[in-house]
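Dear colleague,

I am passing a structure on to you with this email, and I would be glad if you opened it before reading further. My notes on it come after it.

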Amino acid sequence: MSAMQDLLAILDLEQLEHNLFRGRSPQSAWQRVFGGQVIGQALVAAQRTVATERHVHSLHCYFMRPGDPTVPIIYEVDRIRDGGSFTTRRVVAIQHGHAIFSLSASFQREEPGLDHQIPMPEDVTPPDHLRTQREFLQELGDQVPESIRRYWARERPIEVRPVMIEHYTSREKLPPRQDVWIRTTGPVPENRALQAAVLAYLSDMTLLDTSTFAHGRSGFDPDIQMASLDHAMWFHRPHKLDDWLLYTQDSPSAQGARGFSRGSLYGRDGTLIASVAQEGLVRVRTK
């Protein structure tokens with residue numbers, strides 16, 4: 001609960017001036033800012049300049065430099081367009097005098113239209129039948145690399161239950177897809193803008209790692225250098241974040257030291273909430 005409260009606190013940006021906001025990072029041992037945090041904070045900054053009856057339907061962003069968790073992040077919003085139905089915003093995140101990240105987001109007022117969705121995958125093990133990550137640690141012990149054990153043991157605002165864990169415990173080459181159940185560890189207020197920011201935050205979890213499966217690797221491998229390059233997200237339907245979400249992921253391609261992954265986020269009731277695509281650096285260190 002305290003980790004979730006910290007997440008909600010860091011998403012509550014401080015307004016410094018017209019179109020200018022400041023965000024902070026949680027105090028942790030990580031050497032760079034989690035990408036999902038910057039996406040969520042930048043989306044909050046954009047939302048603060050948009051009429052409340054308009055909601056984000058898509059965002060596209062680029063990571064340019066690693067974020068420094070020891071200093072605040074400044075978010076500068078460019079109010080590109082306010083149209084009759086759509087609003088467009090661009091946000092640049094700045095640290096140490098340099099842009100570290102940029103986000104473009106589009107907002108729309110609600111209106112009726114055609115409606116269909118691809119069904120949620122069937123025969124996925126429900127989250128209640130899966131072990132927690134700490135239970136995996138107790139059961140598998142030394143089979144799980146130390147870097148993964150440290151990460152899983154930390155208190156985090158998001159709980160993740162992967163349906164399969166073979167890619168963490170072996171170097172077997174696996175199909176480049178996975179199903180992951182994911183949820184917040186505390187309640188999220190029934191505020192649509194805040195829920196979209198939390199959804200953007202968690203969308204950066206586990207996705208890029210899927211691009212390593214076909215090679216018998218993991219993003220936790222010490223000889224793998226991994227970092228998000230860009231991230232895109234489409235918000236299809238509003239949905240409460242009070243239960244597990246199914247994050248289905250696949251990776252159509254990896255080449256040129258880049259991995260590409262796609263994801264779909266479903267509510268437990270089968271509602272398709274959002275779609276995600278991400279490309280990232282996946283470089284095998286030679287030294």
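What follows goes from the domains to a pocket and then to a single residue.

Please keep in mind that this is a predicted model. The protein is divided into two parts, domain 1 (1–109) and domain 2 (127–286), and the C-alpha centres of domain 1 and domain 2 lie 21 Å apart. The contact takes 28 residues from domain 1 and 31 residues from domain 2. The size of an interface is often given as the accessible area lost when the parts come together. Here domain 1 and domain 2 bury about 2500 Å² between them, and 68% of that area is on carbon and sulfur atoms. When salt bridges between domain 1 and domain 2 are counted, the result is 0.

The second largest pocket holds about 880 Å³ of space. Its lining has 36 residues, of which His-55, Val-56, His-57, Arg-192 and Phe-235 are the closest to the centre of the pocket. Helix H2 (35–47), strand S3 (54–63), strand S6 (98–109) and helix H6 (192–202) are the elements that each give two or more residues to this lining, and the largest share, 6 residues, comes from H6. Sorted by class, the lining of the second largest pocket has 17 nonpolar, 10 polar and 9 charged residues. Both domains take part in this pocket, since at least three lining residues are drawn from each of domain 1 and domain 2.

Finally, you may like to look at Arg-171, which is placed in the loop between helix H5 (166–169) and strand S8 (177–184). If its neighbours within four places in sequence are left aside, Arg-171 is in contact with Gly-216, Arg-217, Asp-221 and Asp-223. Pro-252 is 81 residues from Arg-171 along the chain, and the C-alpha atoms of Arg-171 and Pro-252 are separated by 20 Å.

With best wishes

Key:
Residues numbered from 1 in each chain as written. Predicted model: local features only at pLDDT ≥ 70, side-chain atom pairs only at ≥ 80, totals over all residues. Heavy atoms only, no water. 1 Å grid on protein atoms, 1.4 Å probe; cavity = no way out; pocket = protein on both sides within 12 Å on 5 of 7 lines; lining within 4 Å. Points joined across faces, edges and corners; volume = space filled by probe spheres on them. Helix = DSSP H or I, 4+ residues; strand = E, 2+ residues; numbered from the N terminus. Nonpolar A, V, L, I, M, F, W, Y, C, P; charged D, E, K, R; others polar. Domains from an automatic or database assignment. Contact = heavy atoms within 4.5 Å. Buried area = accessible area lost by both parts, 1.4 Å probe. Salt bridge = Lys/Arg side-chain N within 4 Å of Asp/Glu carboxyl O.
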